[in-house]
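Colleague: Could you walk me through one small part of this model in detail, the hairpin and whatever sits around it? I'd like one connected story I can follow on screen.

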Amino acid sequence: GQTGSGKTFTMMGPANTPEMAGVNRRAVHDLFRICKERGEEYDYSMTLSMLEIYNENVFDLLSGHHAETLKIAQSADGGTYVDGLIKRDVLTPDDVTRALEEADKNRSVAATKMNSHSSRSHLVLQLIVKGHNKITGVTSQGKLSLVDLAGSERVAKSEASGQRLVEAAAINKSLTNLGLIFAALAAGQKHVPYRNSKLTYLLQDSLGGDAKACMFINCSPAESNLSETRSTLNFGQGISKIELGPIKRNVGKK
């Protein structure tokens, strides 16, 4: 969705308002609830990381604002990870909430003509969950990536200039590359250009293979944004037809 259409509100929600919690907090609460329900059979551990992709650079939001540029690497099993990214153990939903608040303070935001609190980066919350079956001794692992994308923007409307213009160009380019990824997946192409941007490279193992993905489409109700709204809806209609591979359990002996 375009800038100012409510993506951050959808994912984060307002602070200190539980009944209006965003997708991030709701997903985390459900995850902890499921782990608790399976407590008699499984032991679970969970680690959290938070980062932003700003002007095609990756920054750890739990180590301070733009403390160091990090690199994305590929693991032996084909997954992706960020080298040097802080992984924080979390035991309760409140641990995650505190991390979200900390990361939000370090995220890059700025005012534009269309949005007084515009996200100038893509925010990625990653949770790694490991489960050990007490009966069989089998361990399993999964990764949940929750992403708050920066919004596409037309410079003529946002009146971005200087550094804001540079940010807008980087945002639009990465979102275009994300669209190319979806187009390649929809067409069943053998080569999917994940490495064309940091965002798609990082999310490679979340957008393809045996992963499952859900995307929210945010639209502005303003008549002046009709063109962008139509474009967003067409994008959503296109990606809704994409079929990823069957679910596969990542298991192994402890």
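**The hairpin and its surroundings**

Modeller: Let's start with β2, which runs antiparallel to strand β3 (residues 69–74) and is joined to β3 by two bridges. Keep in mind that this is a predicted model. On its other pairing, β2 (residues 57–60) meets β1 (residues 42–54), again in the antiparallel sense, this time over four bridges. V58 is a handy residue to click on: I53 stands opposite V58, and in β3 the bridge partner of V58 is L70.

Now look at the turn itself. The hairpin of β1 and β2 has two residues between the strands. N55 is found in that loop, and E56 lies in the loop too. Both have backbone angles to check: N55 has a positive phi of about 50 degrees although it is not a glycine, while phi of E56 is near 65 degrees, also positive in a residue other than glycine. Those signs catch the eye because most residues other than glycine have a negative phi. As for surface exposure, E56 has a relative accessible area of 26%, so E56 counts as partly exposed.

The turn also borders a void. The model has one cavity of 30 Å³ or more, with a volume of about 60 Å³. N55 and E56 are in its lining, along with I53, Y54, R120, S121, H122, A150, A170, I171 and S174. β1 and α5 each supply at least two of the lining residues, and α5 gives the most, with three. By class, the lining has five nonpolar, four polar and two charged residues.

From here you can follow V58 into the largest nonpolar core, which has 26 residues. V58 is among the members that touch the most others, a group that also holds L51, V82, F182, L185, L202 and L207. β1, β3, α5 (163–187) and α6 (198–202) each supply at least two residues of this core, and the largest share, seven residues, comes from α5. For a look at one of those well-connected members, pick L185: leaving out residues up to four places away in sequence, L185 touches V192, Y194, L207, I242 and L244. There's also a second, separate core of 22 residues, including M11, A99, L127 and V129.

So, to retrace the route on screen: begin at V58, with I53 opposite and L70 as its partner in β3, step to the loop that holds N55 and E56, and then find the cavity that both of these residues line.

Terms used. Residues are numbered from 1 along each chain as its sequence is written. This is a predicted model: local features need pLDDT of at least 70, side-chain atom pairs count only at pLDDT 80 or more; totals for chains, interfaces and linings use all residues. Side-chain values use heavy atoms; hydrogens and water are left out. Two strands pair if DSSP finds at least two bridges between them. Buried means under 20% relative accessible area, exposed over 50%, partly exposed in between (1.4 Å probe, protein chains only). A nonpolar core is a set of buried Ala, Val, Leu, Ile, Met, Phe, Trp, Tyr and Cys residues joined through side-chain atoms within 4.5 Å. Contact means heavy atoms within 4.5 Å. On a 1 Å grid over the protein atoms alone, a cavity is a set of points where a 1.4 Å probe fits but cannot get out, and a pocket is an open set with protein on both sides within 12 Å along at least five of seven lines; lining residues have an atom within 4 Å of a point. Grid points are joined across faces, edges and corners, and a volume is the space filled by probe spheres set on the points. Ala, Val, Leu, Ile, Met, Phe, Trp, Tyr, Cys and Pro count as nonpolar, Asp, Glu, Lys and Arg as charged, and the others, Gly among them, as polar.
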